[in-house]
Amino acid sequence: MVDTPTVQVLTGLTVPEFEAEMQLMTQALGVSCGSCHARGNFASDANPRKLAARRMLELTTTINRQFFPDYKPVADESRLGRVTCFTCHQGDTRPKTHP
Ligand code: HEC
Ligand code: HEC
C-alpha cells in the first residue's frame, strides 16, 4: 500500500495500482513524470504542478463519489472511477473550453 503522509488522495491503492494511476495521469496530460515532480524526489511538494494535480485528484474523486458511486473500474481502467483526468484533459495540460 502507498500510504505515506505525502500521499493524500490516492490512498489505499496497491503499489502497482498507484504506479498505473501515475502513468494514466502522465498520458492524460501529455506530460512526463518530471513535469509534476521535483527532480529525484517524488514525495516532495515543491513543484506547483503537483499541488495543482492533487487538487484535480480531489475534484475527480469528488465527482465520482457524488455522481457515479456505483461505477466499478475494470482491468486497466483508472481506480478513480468513471470520470478521469483524461475525460477533461484528453492529452493536454489545459482542457479545451469550446468545440
Ligand atoms: C500530473 C502530475 C503528475 C504526474 C505527471 C505524475 N505524478 Fe506522481 N504524483 C502526483 C501527485 C499529485 C502525487 C500525490 C498524490 C496524492 O497526494 O494522493 C504524486 C505522488 C507520487 C508518488 C508517491 C510519492 C510519495 O509521496 O511517497 C510517486 C512514487 C510518484 N508520484 C511517481 C510518479 C511517476 C513514476 C510518474 C510518471 C510515470 C508520475 N508520478 C507522474 C502528480 C503527478
Ligand atoms: C472536470 C474536468 C477536469 C478533470 C476531471 C481534471 N481536470 Fe485538470 N484541469 C481542468 C481545467 C478546466 C483546468 C484549468 C486549465 C486552464 O487553466 O486553462 C485544469 C488544470 C489542470 C492542471 C494545471 C495545468 C497547468 O496549467 O499547469 C493540472 C496539473 C491538472 N489539471 C491535472 C489534472 C489531473 C492529474 C487530473 C486527474 C486526477 C485532472 N486534472 C482532472 C479540468 C479537469
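## Two ligands and the pockets of a predicted model

In this model, an oxygen atom of ligand 1 lies 2.7 Å from a polar backbone atom of Val9. The structure is predicted rather than determined by experiment, and the distances, volumes and counts below should be read with that in mind.

### Surroundings of ligand 1

The contact at Val9 is accompanied by two others that also involve the protein backbone: an oxygen atom of ligand 1 is 2.8 Å from a backbone N or O atom of Gln8, and a backbone N or O atom of Leu10 is 2.7 Å from an oxygen atom of the ligand. Around ligand 1 there are 23 residues, and those that come nearest are Thr6, Met22, Cys33, Cys36 and His37. By class, this shell consists of 14 nonpolar, seven polar and two charged residues. Three helices, namely H1 (15-29), H2 (33-36) and H3 (48-67), each contribute at least two residues to the shell, and H1 gives the most, with six residues.

### Surroundings of ligand 2

For ligand 2, the shell comprises 16 residues, of which Arg49, Met56, Cys85, Cys88 and His89 are the closest. Two of these closest residues also make polar contacts through their side chains: an N or O atom in the side chain of Arg49 lies 2.9 Å from an oxygen atom of ligand 2, while a nitrogen atom of the ligand is 2.7 Å from an N or O atom in the side chain of His89. A further side-chain contact comes from Arg94, with an N or O atom 3.0 Å from an oxygen atom of ligand 2. The elements that supply two or more residues to the shell around ligand 2 are H1, H3 and H4, and H3 gives the most, with five residues. The shell around ligand 2 divides by class into ten nonpolar, four polar and two charged residues.

The polar contacts of both ligands are set out below.

| Ligand atom | Protein partner | Distance |
|---|---|---|
| Ligand 1, oxygen | Gln8, backbone N or O atom | 2.8 Å |
| Ligand 1, oxygen | Val9, polar backbone atom | 2.7 Å |
| Ligand 1, oxygen | Leu10, backbone N or O atom | 2.7 Å |
| Ligand 2, oxygen | Arg49, side-chain N or O atom | 2.9 Å |
| Ligand 2, nitrogen | His89, side-chain N or O atom | 2.7 Å |
| Ligand 2, oxygen | Arg94, side-chain N or O atom | 3.0 Å |

### The pockets

Ligand 1 takes up space in the largest pocket, and the space taken by ligand 2 is likewise the largest pocket. This pocket has a volume of about 880 Å³ and is lined by 37 residues, with Met22, Met25, Cys36, His37 and Ala53 lying nearest its centre. Met22, Cys36 and His37 were already named among the residues that come nearest to ligand 1. Helices H1, H2, H3 and H4 (85-89) each provide at least two residues of the lining, and the largest share, ten residues, comes from H3. By class, the lining divides into 22 nonpolar, eleven polar and four charged residues.

The second largest pocket has a volume of about 240 Å³. Its lining consists of 14 residues, among which Thr61, Arg65, Arg79, Leu80 and Gly81 lie nearest the centre, and by class it has eight nonpolar, four polar and two charged residues.

Conventions
Residues numbered from 1 in each chain as written. Chains lettered and ligands numbered in written order. Predicted model: local features only at pLDDT ≥ 70, side-chain atom pairs only at ≥ 80, totals over all residues. Heavy atoms only, no water. Near = heavy atom within 4 Å. Polar contact = N/O pair within 3.5 Å; in protein donor to acceptor, adjacent residues only side chain to side chain. 1 Å grid on protein atoms, 1.4 Å probe; cavity = no way out; pocket = protein on both sides within 12 Å on 5 of 7 lines; lining within 4 Å. Sits in = over half its atoms within 2 Å of the grid points. Helix = DSSP H or I, 4+ residues; strand = E, 2+ residues; numbered from the N terminus. Nonpolar A, V, L, I, M, F, W, Y, C, P; charged D, E, K, R; others polar. Points joined across faces, edges and corners; volume = space filled by probe spheres on them.
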